[in-house]
Number of protein chains: 4
Amino acid sequence: MSRPTKEARKVSIMTQALHLFSREGFYATTMPLIARGIGMSVGNLYNYFPSKESLAKELILYIAELLGDEIRAINESPLSTRDKIDAIVAMYFRIAQEQPQTIEYFLRVYLSNREVFRNGCEGMLCVSPFVTELMIFFEEGVRAQELRNQDFFSAFGLFMGYLGGMVFLQGENILPHGLDEYRASISENIYHALKTH
Amino acid sequence: MSRPTKEARKVSIMTQALHLFSREGFYATTMPLIARGIGMSVGNLYNYFPSKESLAKELILYIAELLGDEIRAINESPLSTRDKIDAIVAMYFRIAQEQPQTIEYFLRVYLSNREVFRNGCEGMLCVSPFVTELMIFFEEGVRAQELRNQDFFSAFGLFMGYLGGMVFLQGENILPHGLDEYRASISENIYHALKTH
Amino acid sequence: MSRPTKEARKVSIMTQALHLFSREGFYATTMPLIARGIGMSVGNLYNYFPSKESLAKELILYIAELLGDEIRAINESPLSTRDKIDAIVAMYFRIAQEQPQTIEYFLRVYLSNREVFRNGCEGMLCVSPFVTELMIFFEEGVRAQELRNQDFFSAFGLFMGYLGGMVFLQGENILPHGLDEYRASISENIYHALKTH
Amino acid sequence: MSRPTKEARKVSIMTQALHLFSREGFYATTMPLIARGIGMSVGNLYNYFPSKESLAKELILYIAELLGDEIRAINESPLSTRDKIDAIVAMYFRIAQEQPQTIEYFLRVYLSNREVFRNGCEGMLCVSPFVTELMIFFEEGVRAQELRNQDFFSAFGLFMGYLGGMVFLQGENILPHGLDEYRASISENIYHALKTH
DNA sequence: GATGAATGAGCTTTCATTCAT
DNA sequence: AATGAATGAAAGCTCATTCAT
């Protein structure tokens, strides 16, 4: 049986770290815990990532690119702005369901432990692939006169805060229904919030 | 000079802990640090709170009550639902500015370190005073036919996610303008999102 | 039985550290080793010294003062320069015999691990009490016309290198006789090296 | 292009190790660091030297032979004892300047980390080529009635301690002048110390 | 001979918590 | 109630050495 490649090992570390970080938090997740989870020695972990922080930073970059790619695909589709909102909400919830660690990591590790990302991820540096695409979405909606022209961050906060909030509530088992059943009303709310009168 | 009462001592511990937790995070704040900040010994801290976690839990309860009281006052006022939205947004931003620890604690300690609150604050247990008042606000708006009748959590996620997101962005120095300049557009967005057509 | 005072504890840590550092070297001496040697927990060590390095620095300061005091006493005595040389050699060897750790620490920890002392002990900062007294000795000898007037460091290197070298050789069990039997010849050699012709 | 011989590989390892050990110290120099510096794998290093310690021991042997050869050449020259002292001092300082690693290794690795050389280099075992030549120098000086007849180690300690001390002071940037400017006075001091009256 | 991923013991340091006073 | 010295488990990280390839 051939040994897994170096790249495969790196992926398995990142997968395990994503899992633990998102569930237990950055500080409660220890390097020995990550190592044990994939049957690797602690020392060897450091052959792949020079520090716990660097591991966390690679993860957020990976996630931002993943989300950025998803939104880009939607931006490039021929949908109306109204339907793009639908598509973004659906995409976000689909990821939250299929690979919940991804969104949880974003919410509970990246947004919460800013000191960890201070060096190397200043401002939106590590999430720019994703923010950029949302900005494009918004500006195209404005140009198409489907959305009101307002400060981007007012729209951005609405989008991300709202979606993040819903996923958070679901993660806490607070929602009486599944995420999917909220999709329509959330899209509608966002659309009404942003659309031209 | 009379010795401070037990209750006063407890308040001063909580004030100091709130300050440190919100600024440094739960894990980077040590018990000796809290004690030193108020000229008390570590040992004595444990006469008031049986553990670091219990201190964190009492804090979120306190904050939930504070925010709950603020919203109750708005609920009990004779304003229209539209103006109540304005008032809630203004109140939230005012607190974020006047006592930023409060909102920061909510966003960066309570929402972020779920593992800390796992036992004892399941679901919305520790924030119910505040959630309850928002629920009342929403139901009255529906009854007055100013707001569409939808699942409460869809509205709740919008409200809290949006406001929390904006305060977060400001905390990261990402917003091009001050929070106050977003007040009007945010209220408007929320109102359009939730109002009857 | 009353507990030892904080100062006494600190002395016992320093004593034990001096012992181990001088015998095993700075790096081969671990904090757990120091702690175990005096029946104290590792954690508590850090209530007395903020780091292993700071412990090493306090030790060299202590030693430099001890040696400085000894030489000062000789400087202040009414002896001739010739006899002062005798006295300094005798004193150095006496300390090397009675508390060998002291001299060994100077030779094998302070002089050898300069990187440890880089911050806070630059140049001769941490050994100045001792160097200063030797400088006084030398200058008084020159003024009394018993010693040739030459660059101080040429004399200093002779003195310290020679004495240190002999103690080193003894520590390695290389000397065929005890240190004391070299005292006369060493004093004589030093005197002849430095005296006016 | 022919592959380097086994011997050539060994020399390149030793050169690199000497360089790093003398500059960074024994403990701060890691085996991977040595390997990387010469484009060799860690594993292969162990085909040439069974351990880090053995590498350090081979180095001191090499240096002792190098210094021994230098002194032998001086011993075999027709100079007077007085001039041989001059020549030895000059040689030592020349090496300290041309290949400082050599002397630094002797002072800061061999003399300083005795625990490393405890097994295998007891006493003068690993530096005997060099000590032997100095012994010959001294005995010939005595026989020629230029030097007083005293215990060899008293003279040895003077020579090595003094020269080592001066190089050390220079390494610490403590000397107000360059080493060369001390050459004459040092030779003179040594000669006066040892010569017949 | 050569590679370098892998090991695992051990390092310095931290900190919630306890308890004798 | 109050103190703060003491504990000890555990953290992040390092590195000499091994061994399958």
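Here a biologist asks a modeller about the predicted model shown above and the terms used for it.

Modeller: This is a predicted model, in which local features need pLDDT of at least 70 and side-chain atom pairs count only at pLDDT 80 or more, while totals for chains, interfaces and linings use all residues. Residues are numbered from 1 along each chain as its sequence is written, chains are lettered from A in the order in which they are written, and side-chain values use heavy atoms, with hydrogens and water left out.

Biologist: What makes a residue count as near DNA strand E, and which of the 36 residues around the strand come nearest?

Modeller: A residue is near a strand if one of its heavy atoms lies within 4 Å of it; 36 residues surround DNA strand E, and A:Tyr48, C:Tyr46, C:Lys52, D:Lys6 and D:Tyr48 come nearest. Sugar and phosphate make up 70% of the strand E atoms that come within 4 Å of the protein.

Biologist: Why is the pair between C:Lys52 and a phosphate oxygen of DNA strand E called a polar contact?

Modeller: A polar contact is a pair of N or O atoms within 3.5 Å, and an N or O atom in the side chain of C:Lys52 is 2.5 Å from a phosphate oxygen of DNA strand E, so the pair qualifies. For B:Lys52 the corresponding value is 2.7 Å, and for a polar side-chain atom of D:Tyr48 it is 2.6 Å.

Biologist: What makes D:Phe156 a contact partner of C:Leu169?

Modeller: Contact means heavy atoms within 4.5 Å, and D:Phe156, leaving aside its neighbours within four places in sequence, is in contact with residues including C:Leu169, D:Met124 and D:Phe130.

Definitions and conventions:
A polar contact is a pair of N or O atoms within 3.5 Å; within protein, one must be able to donate a hydrogen and the other to accept it, and residues adjacent in sequence count only if both atoms are side-chain atoms.
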